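Open the model in your viewer and keep the selection tool at hand. We will walk from one stop to the next, and at each one you will hear what to pick and what to look for.

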Amino acid sequence: MDLNTVDRPAPTRPAPARPARRDVVLALLPVAALAAALQWWPENGDQALFAQTASRMRDGVVYYRDFWDIKQPGVYWFYELGDLLGPGGTGARLLEGALALVAARLVLTITTDWGLRRTVRLTAPTLVLGPYLVYAHVGGVGQVEGLLNLLLVVALAATLPVGGVLRPGWAWFVGGLAVGAVPVLKTVYGPVPLLLVVPALLLSHRIDARRTRGRVGWGVLGAVLPGLVTLAYFAAHGALDLALRTTFQLPAQVTADPTAPGSVHTVATALVTMFALVGPLALVGFLSGLRRDDGRLLVLPLAGTAVLEFALALPQVPTPYRWLMEAVPLGLLAALGLERVLTFLDRTPSQRRLFVRALAGLGALALIVPTAHVPLDILNAPAGDRFGVSERARIVRGQGLPPMATRPVAAAALMAGRIPPGTPVFILGDPRIATLLQTVPATEISGWTIGLPDGVWAELGRELNRTRPRFVYVDARDWSSVRQGAGAPVFDLLAERYRVVAANAQGTWYETSDVGIPLPEPGGNQLFTR
């Protein structure tokens, strides 16, 4: 297997042949099918918040200044870009699916340059992107961790030498843009792409050290550009201090969520299921790569990237989608491992055929089982979490709960017909309730953020007291520790000025007659000025 030819002078043109058109179609077909299925997978609270905020940003709202959440701005800008393809989260899903196809094509290019056999090349895009696309439905559609996969593929494909030839400066610039976009999505993941492009740097340096320094310059320029543009944007809109404090100061003050979703057992089960097929092949690829000099240049950074991603995700809320970003390093190692296994089985053609059939069967099972609910969602579109037009209309008209009603549906149904669309409402819980009731946010601070820092709870209490929305919803978490601590201003206001008008196992609706204070003007967030 020729990972990259590095012990001979660089040729005048790339050596590897381009993938045949038929191979491109065959390699991308499974990824295209999974990307299409993204359109039918359930929406969760994060996606609803992203879509709602992106729609407001398109109308001129400035993130952090006019609407605050603890996340970095990249994911909201992604959804705002997706709005060009379709309203709500629809466009973002279409955009994510399209980018997944681009990433799959780049994976095919990478594995072709590595000199892997045709079977492995055709399988590699599914090995790399399959686990991410299949398990994106566990709250991972349009999440940072999933989008990170697409940026990692771009960064690697844009910088790895092709047949002993350095990538041009513009390609390194594009790779740098992908590297720099990662911290704009989530700052803590910033080191991940830097480690992943180490093979490209080392291999390029062995080919031509002098020219590599020039390429690195282009890469650095691309890497700093997203951050500079982001800083300039917030500075121009008077939100730079908020952006910097939210990024670097507040995450250390985040309190634990009273009902953090997931557990060690849940995460372990998801990881085993997610990478049951890819994991063993990745281990084979890693061990076989250690036996070669050029192999070590590649597998050590890939394995290091996987370990780094795991370490960065571990302290966060234990939800399975945090580890979707493991898909790229483990998938590429799995492609190398599959090549090694098939090479070993070349001496026994019958066993090789049996292995390929078993691998295909297990792969199909791994893809089909987690997506078995998709046909049910299509057949029963008004139910569950999809929130189609008919379901929304049914809730708003007060026609009762649909079949298979989920938590936000049940919560929204309590007030169906009582809250007119467009009413300002504060929801301390799932943003999908606002989607169903067609309400608008009454505050500049998101009520969906898990574990609000102390200063944010205090500002939220002041803002609720100032705007005094008629309706407030609080979901059914155990808020006792928050009520007695930083969240006291919010819950004291509810106790003094509001009364319970509806409640069920999902949460409680409050109402007040003390209304009439106008909504705050955009730009009134005083989070760090009081």
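Start by selecting residues 170–203 in this predicted model. The span is 82% helix and 0% strand, and its end C-alpha atoms are 18 Å apart. Now select residues 215–236, where the chain is 100% helix and 0% strand. Here the end C-alpha atoms lie 32 Å apart. Both spans appear in the unreviewed UniProt entry under "transmembrane region". That record also lists residues 24–41, 132–158, 267–290, 297–317, 323–342 and 354–376, if you would like to colour them too.

Next, move along to helix α11, residues 240–248. Which residues of α11 are buried? Show the side chains of Leu242, Ala243, Thr246 and Thr247 to see them. These four lie on the same side of α11 because they cover an arc of only 120° around the axis. Add α10 (209–236) to the view, and you have the helix that the buried residues of α11 pack against.

Now jump to strand β3, residues 471–475, where five of the five residues are buried. Turn the strand to look at each side. Phe471, Tyr473 and Asp475 are on one face, Val472 and Val474 are on the other, and both faces are covered. This fits a general pattern: in a regular strand the side chains alternate between the two faces of the sheet.

Keep β3 selected and bring in its partners. Strand β1 (residues 424–428) runs parallel to β3 and is joined to it by four bridges. Find Phe426, which stands opposite Val472 in β3. Then add strand β5 (residues 507–511), which pairs with β3 in the antiparallel sense over five bridges. In that pairing, look for Tyr473 opposite Trp509 in β5.

For the next stop, select Leu129, Tyr189, Trp457 and Phe491. Within the largest nonpolar core, a set of 119 residues, these four touch the most other members. Helix α15 (residues 327–345) gives this core its largest share, twelve residues.

Zoom in on Phe491. Which residues is Phe491 in contact with, leaving aside neighbours within four places in sequence? They are Leu428, Trp457, Val474, Trp479, Val482 and Arg483. Val474 may look familiar, as one of the buried residues of β3.

Finish with a second, separate core, which has 16 residues. Select Ala412, Val425, Leu436 and Ala502, which are among them.

Conventions
Residues numbered from 1 in each chain as written. Predicted model: local features only at pLDDT ≥ 70, side-chain atom pairs only at ≥ 80, totals over all residues. Heavy atoms only, no water. UniProt positions renumbered as here; feature names shortened; annotations may be inferred. Helix = DSSP H or I, 4+ residues; strand = E, 2+ residues; numbered from the N terminus. Buried < 20%, exposed > 50% of the residue type's maximum accessible area, 1.4 Å probe, protein only. Arc of directions from axis to C-beta. Contact = heavy atoms within 4.5 Å. Pairing = 2+ DSSP bridges. Core = buried A, V, L, I, M, F, W, Y, C linked by side-chain atoms within 4.5 Å.
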